[in-house]
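Visitor: I am new to this structure and should like a close look at a single part of it. Please take me through one of the enclosed spaces inside the protein and what surrounds it.

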Amino acid sequence: MMLHSRHFLNRLATSTIHSRCFAGTLVLAEQVDNGKLAPVTLNTLTAASQLKQDVDCVIFGSEKTNETANELQKFNNLNIKRIFVAENAAFKNLLSESVTPALLDLQKKNNYTHILGGSSTFTKSILPRLAALLDVQPISDITKVIDKDQFMRLIYAGNAILKLKSNDPIKILTVRGTAFEAAKPATGSGEVKVEKLDSSVKNDLSEFVTRQVQQSERPELPSARIIFSGGRALKSKENFKLLYDLADLFPGQATVGASRAAVDAGYCPNDLQIGQTGKIVAPELYIAIGISGAIQHIAGMKDSKVIVAINKDGDAPIFSIADYGLTGDLFKILPELTEKLKKK
Amino acid sequence: MAIRILVGVKRAIDYAVKIQVKTDKTGVVTDGVKHSMNPFDEIAVEEAIRLKEKKIAQEIIAVSCGPAQCQETLRTALALGADRAIHVEVSGKDYEMLQPLAVSKLISAIAKKENVDLILLGKQAIDDDSNQTGQMVAGLLSWPQAVFASKVDIKDKQAEVVREIDGGLETIRVKLPAVITADLRLNQPRFANLPSIQKAKKKPMAKMSPKDLGVDIKPHLEYLSYEEPPKRQGGGRVSSVDELISKLKEKGLI
């Protein structure tokens, strides 16, 4: 009897230690320029919740990290245990040589089994670098969490779906935002512990020089409900105004995108590019204007709920994936569309 | 002092090929299918050559990891202007399972061996679409990285790089030695002409194995299945702006 209860007590002690074990998943949250949480972080929280483990989040920035942390507080229904904030002037502009060592320290301290980031130029720069330091094979742009070891992702410009299994002790994943619903905030109130990360940064390898980003009232491409997207047939930077005018008929809901050809031709800035190596979008409504529909462009928008195509060439490949295709001259169609939509 | 550059090139299915997933789900059809140098790697090679033409670089070494056919890709790099090539031979099942972490280790080992000042890679391979190798090489070597580059200026042992980021453009400065990955708009690659293709046949091509470099290329990921994505129904037509608007209104989209 004695033996039995001692054995039981030992097991209880062990299980208590395990339940005090820290979170299994770390989400690398992203702060955007005005201290707000990047929308893709919400899609990432959904992916993280599918791992069914406790979640910690970490935010890096040079200012307003507490504001960003406050936004994350709304999601206390998602098993988030702690929000780490790493605020340091050296994290301004998030140089990978500054952020990666701090992330590595956090990993060494807390032994996460999964580290996730929503696909963005920030997480894509940092997470593979971190993975190399941990000797694990990172997995880019997952579209499905099957279980703790198995995931799906797209290859060959989205023309094949790969189901894979990782044998690494730590899975480092970037998450395709459009493949996961954005997490919904909790209705109740609760507070997730916010902890300051003590991070001194020593980076003598790289320095930030300048940034040129377009500030806009319009929604970000990955989260816009409607996208008006232009190709090289727009013929000039000035003509892109036709698309902006259309987007502005739906304030807060619509924005403008572009094909690679339009960006290469200088008609619009690079951050509008939608495609295999640009932005991946899946809006409710995607209107492709003067875009022929190359494989590489389709890779970036084929999961849109409804696709409209407007093109002079009735045989353009884009029509084969369009729900509503209108053949004609975009320079006649766009003004007519704008006029009639204004009237509605 | 003119720098020495290592450029990585990958042989991948050509960007214009219509990809076919094998019916037994074990992979994608590659036999008899046109392959070419990964387009982002062409841009990386072009950038290396321009640095040599500006006399900033004195030597360009091209490296490729894969089966014997990689030598064609390396010969193209030589024809475009690389000085010598290194073929790391990986074939058969080992090649099917060759993953970015292993490739990064191979490239890092060669970079150390050759004592280069700059590694230029394509931002991503259009087959695997991982966009990891450059970042991992930089991590392994503890070198700075400038990934998704659309402009590179090298001066005084530093590279000033304009990067394409989600919100627009960012300029950073990294000390050499560094890793830079090429994005689409970094440059417009040239074509190899017949005389340079002939000359390339005489340029040195070394062969080695992962074992020679002390690298374990054992895969960390298992590939369980390959499937075709669901086909999107399309081909719907409208004949006027009025019809388009009414259809979109019907669907509650506008």
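**The second largest cavity**

Guide: The second largest cavity has a lining of 14 residues, and those nearest its centre are A:Pro138, A:Arg153, B:Asp128, B:Ser130 and B:Leu221. Three elements each give two or more residues to this lining: strand E5 (139-145) and strand E7 (160-166) of chain A, and strand E12 (221-227) of chain B. The model is a predicted one, and in it the volume of this cavity comes to about 70 Å³. Sorted by class, its lining has seven nonpolar residues, five polar and two charged.

The wider setting may help here. The structure holds five cavities of 30 Å³ or more. The largest cavity contains about 100 Å³ of space. It is lined by 13 residues, and A:Ala157, B:Asp14, B:Tyr15, B:Ile19 and B:Ile126 are the closest to its centre. That lining divides into eight nonpolar, three polar and two charged residues. Domain 1 (25-196) and domain 2 (226-343) of chain A each supply at least three residues to the lining of the largest cavity.

Finally, a word on the strands. Ten strands form an open sheet with mixed pairing, in the order E10(A)-E9(B)-E8(B)-E7(B)-E10(B)-E6(B)-E1(B)-E4(B)-E5(B)-E11(B). At its edges, strand E10 (206-213) of chain A and strand E11 (205-208) of chain B each pair on one side only. From one strand to the next, the twist averages 30 degrees. Within this sheet, strand E1 (residues 3-8) and strand E6 (residues 118-122), both of chain B, pair in the parallel sense over three bridges. B:Val7 has B:Leu120 in E6(B) as its bridge partner.

How values were computed
Residues are numbered from 1 along each chain as its sequence is written. Chains are lettered from A and ligands numbered from 1 in the order in which they are written. This is a predicted model: local features need pLDDT of at least 70, side-chain atom pairs count only at pLDDT 80 or more; totals for chains, interfaces and linings use all residues. Side-chain values use heavy atoms; hydrogens and water are left out. Two strands pair if DSSP finds at least two bridges between them. Helices (H or I, at least four residues) and strands (E, at least two) are DSSP runs, numbered from the N terminus. Axes are lines fitted to C-alpha atoms, for helices over the stretch in contact, and angles run from 0 to 180 degrees between N-to-C directions. On a 1 Å grid over the protein atoms alone, a cavity is a set of points where a 1.4 Å probe fits but cannot get out, and a pocket is an open set with protein on both sides within 12 Å along at least five of seven lines; lining residues have an atom within 4 Å of a point. Grid points are joined across faces, edges and corners, and a volume is the space filled by probe spheres set on the points. Ala, Val, Leu, Ile, Met, Phe, Trp, Tyr, Cys and Pro count as nonpolar, Asp, Glu, Lys and Arg as charged, and the others, Gly among them, as polar. Domain bounds come from an automatic or database domain assignment.
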